[in-house]
Amino acid sequence: MHHFRTLLWHELRTAFLTWSNWAAAALFLILVGTIHWFAILECSRAPQPWTPVEATFRLFWLPLLCVLPLLTMRSFAEERRQGTLSALLTTTASTAAIVWAKFLSAWITWVVFWLAFLPFPLLTAARLGTPSDTRLGDPATLWGGLCFIVVSGLLHVAIGILCSCLTRSATLAALLTFITLLGLTAAGGAIESLPIESWTWLGWLREPAAHLRTFGHLEDFASGILDSRPLILYLTGTFLCLGLSVIAVEGKE
Amino acid sequence: MAESSPQPKAAVAAESLTKRYGNLVAIEDLTFSVAPGEIVGFLGPNGAGKSTTMRILSGTMAGTSGRAYIWGESVALNPTESKRHMAYMPENNPLPEDLKVEEYLSLRARLKDVDPKEVADRVRKVMEDCDLVRRASGRLIGQLSKGFRQRVGIADALLAKPKVVILDEPTIGLDPHQILGIRDLIRSLRGEMAVLISSHILHEVEQVCDKVVIINRGRLVAQGKTEDLRRELLPDSVFHILSRASLSELSALCLKIEESSTIEKIGEVDGGWNRYQVTMPSQSPARETLAGSLIQAGIPLREIAEQHCGLEDIFIAATRRSPSERSRP
């Protein structure tokens with residue numbers, strides 16, 4: 001991990017200065033703000049079984065699919081297209097350090113985006129709610145939901161980085177990330193909804209499907225349940241994707 | 001920065017280097033070396049495998065077989081150490097468009113293990129050496145002209161005072177003034193760093209390099225000092241003579257002073273003057289007495305000149321012959 005800190009600092013600085021990241025941040029805040037706004041409107045019309053904060057987090061897949069690919073698509077694809085990646089590899093910086101620096105920079109940016117969402121429910125609660133009123137959102141749900149974003153974001157960003165390593169086209173990298181994240185988010189729910197019990201030969205799928213239930217993980221985090229299984233799933237997935245990214249960078253150069 | 005380590009025999013050594021892409025052979029059995037402090041021109045027609053070789057030497061591409069060493073360190077087995085001694089500027093000199101020159105060079109200096117306390121000084125020094133201070137300082141790389149971008153690439157290569165500098169077409173796309181500047185800069189590195197430079201501008205290489213390595217279709221066809229290659233590849237001296245004498249008259253005289261010489265008429269000039277070409281071995285003493293003998297014999301002579309065989313002629317002669325014909329160094 002030679003030069004990791006130098007590279008991470010450079011990547012964070014670049015992430016902060018890149019106009020496309022600012023555009024992605026604007027898109028993110030517009031998306032999340034709109035979702036939150038409509039959720040508040042719905043709750044104001046009639047009592048709902050969910051709070052606006054819960055509703056916003058339940059739709060986390062929307063910014064995940066629309067914004068996260070924009071953050072990761074350029075990381076390797078663009079550098080490879082410009083040739084700056086091979087120039088970087090002529091230094092003593094290790095490939096692992098390069099991959100991890102780009103990954104952490106994108107993950108921090110993703111987390112910062114979600115932190116920028118925090119003022120929405122906090123300001124709403126301050127303006128419209130009362131201290132004991134949890135109809136606008138339970139603080140536990142808010143912090144639990146954020147924890148889910150932080151932990152699952154590791155795997156989601158790692159998938160984006162891996163997709164960016166596989167191609168020279170940033171657009172193709174974004175598309176690959178979109179499809180993979182869509183598959184990952186939908187997979188658990190889709191498999192769960194299948195009548196697996198009636199297909200005995202598919203019975204073995206029941207348990208893996210239970211591990212992949214992304215929305216279940218969100219609910220667990222939001223209700224304060226800290227289960228080690230999703231943590232292990234996201235961490236091992238992250239390490240696997242980053243390991244494959246290192247191999248892809250070394251192999252392709 | 002490249003630490004002082006015992007000086008190896010060869011700063012760059014390629015031993016039987018081979019790279020294949022499936023059935024396509026990019027380079028095959030390539031063996032050559034660059035001595036410390038030496039400037040070597042790496043020549044070959046388009047597609048000969050120059051860039052592939054340079055990429056393998058720089059560690060950005062793996063060879064299929066063979067060995068490559070930079071300052072005695074194996075590129076494949078000890079990549080970090082070999083990279084510590086080496087700087088590589090690729091052909092199209094890729095640079096990030098959205099960084100300022102100083103920012104980019106500072107980042108590269110840190111990535112090349114320059115002592116953090118010395119980074120600012122080193123950046124200033126290479127910017128001065130590459131004439132970047134006046135016109136490129138504080139500007140985004142994306143706003144620079146091709147010439148200045150090349151200078152930034154060379155400045156980057158010199159940042160960590162490497163033992164070996166590999167430059168792939170450093171003067172491509174530059175105007176004559178810029179080429180002159182870069183040529184002087186490269187020349188100033190002689191004795192300090194081993195430089196392996198590929199270029200299509202043969203005149204350029206001839207002016208700057210101590211030695212040339214010529215490859216064709218991925219195989220070594222010649223290597224050595226220009227003078228040695230001239231003797232090896234172009235063993236004959238060619239004289240152009242403008243005279244009123246007849247071919248037979250001139251032929252008799254030439255054969256008298258050098259038995260193996262040949263003469264042919266290559267043209268006519270107004271007023272009965274003819275242009276002849278006399279070829280004789282470069283080692284022949286008649287080379288020095290031909291003009292005197294012609295005058296002594298009373299041959300009407302207006303012009304006599306030995307044709308200078310430049311690197312261009314050597315390059316053409318070398319790339320024409322098959323790799324198996326080359327003599328081993």
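**Entry 1: chain A overall**

I began with the secondary structure of chain A and found 13 helices and 0 strands. This is a predicted model, and I read every entry below with that in mind. Running from the N terminus, I could list chain A only as α-α-α-α-α-α-α-α-α-α-α-α-α. I then looked up burial: chain A has 253 residues, of which 40% count as buried. For the contacts of chain A with a separation of 6 or more, I noted that 82% come from residues 24 or more positions apart.

**Entry 2: the nonpolar cores**

I next asked which residues touch the most other members of the largest nonpolar core. In this core of 140 residues, they are A:Ala158, A:Ile161, B:Ala155, B:Val164 and B:Val195. Helix 9 of chain A, residues 139–165, gives the most to this core, namely 12 residues. From chain B, I recorded at least three residues from each of domain 1 (1–85 + 162–234 + 309–329) and domain 2 (97–156).

I took A:Ala158 for a closer look. Setting aside neighbours within four places in sequence, I found A:Ala158 in contact with A:Phe103, A:Gly237, A:Thr238, A:Cys241 and A:Leu242. There is also a second, separate core of 11 residues, and I noted B:Leu250, B:Ile263, B:Met280 and B:Leu290 as included in it.

**Entry 3: where the chains touch**

I looked up the contact between the chains and found 16 residues from chain A and 19 residues from chain B. On the side of chain B that touches chain A, the elements giving two or more residues are helix 2 (79–84) and helix 3 of chain B. I sorted the residues of that side of chain B by type and obtained 8 nonpolar, 5 polar and 6 charged.

**Entry 4: helix 4 of chain B**

I then turned to helix 4 of chain B, residues 119–129, where the buried residues are B:Arg122, B:Val123, B:Val126 and B:Met127. Why do the buried residues of helix 4 of chain B line one face of the helix? Viewed down the helix axis, they fall within an arc of 130°, and therefore they line one face. On the other side of helix 4 of chain B, I found B:Asp121 and B:Glu128 exposed.

I also asked what covers the buried residues of helix 4 of chain B. The cover includes helix 3 (101–111), helix 5 (133–136) and helix 6 (146–158) of chain B. After helix 4 of chain B comes B:Asp131, and I noted its positive phi, near 55°.

**Entry 5: strand 9 of chain B**

My last item was strand 9 of chain B, residues 211–216. Because 6 of its 6 residues are buried, the strand is largely enclosed by the rest of the structure. In a regular strand, the side chains alternate between the two faces of the sheet. I checked both faces of strand 9 of chain B and found them covered: B:Lys211, B:Val213 and B:Ile215 are buried on one side, and B:Val212, B:Ile214 and B:Asn216 on the other.

I then traced the pairing. Strand 3 of chain B (residues 39–43) runs parallel to strand 9 of chain B, and 4 bridges join them. Here I noted B:Lys211 as the bridge partner of B:Val40. Strand 10 of chain B (residues 219–224) runs antiparallel to strand 9 of chain B, with 5 bridges joining the two. In that pairing, B:Ile214 has B:Ala222 as its bridge partner. Strands 9 and 10 of chain B form a hairpin with 2 residues between them, and in the turn I recorded B:Arg217 with a positive phi of about 50°.

Technical notes: Residues numbered from 1 in each chain as written. Chains lettered and ligands numbered in written order. Predicted model: local features only at pLDDT ≥ 70, side-chain atom pairs only at ≥ 80, totals over all residues. Buried ≥ 20, exposed ≤ 12 C-beta atoms within 10 Å, placed from the backbone. Contact = placed C-beta atoms within 7 Å. Arc of directions from axis to C-beta. Core = buried A, V, L, I, M, F, W, Y, C linked by C-beta atoms within 7 Å. Domains from an automatic or database assignment. Nonpolar A, V, L, I, M, F, W, Y, C, P; charged D, E, K, R; others polar. Pairing = 2+ DSSP bridges.
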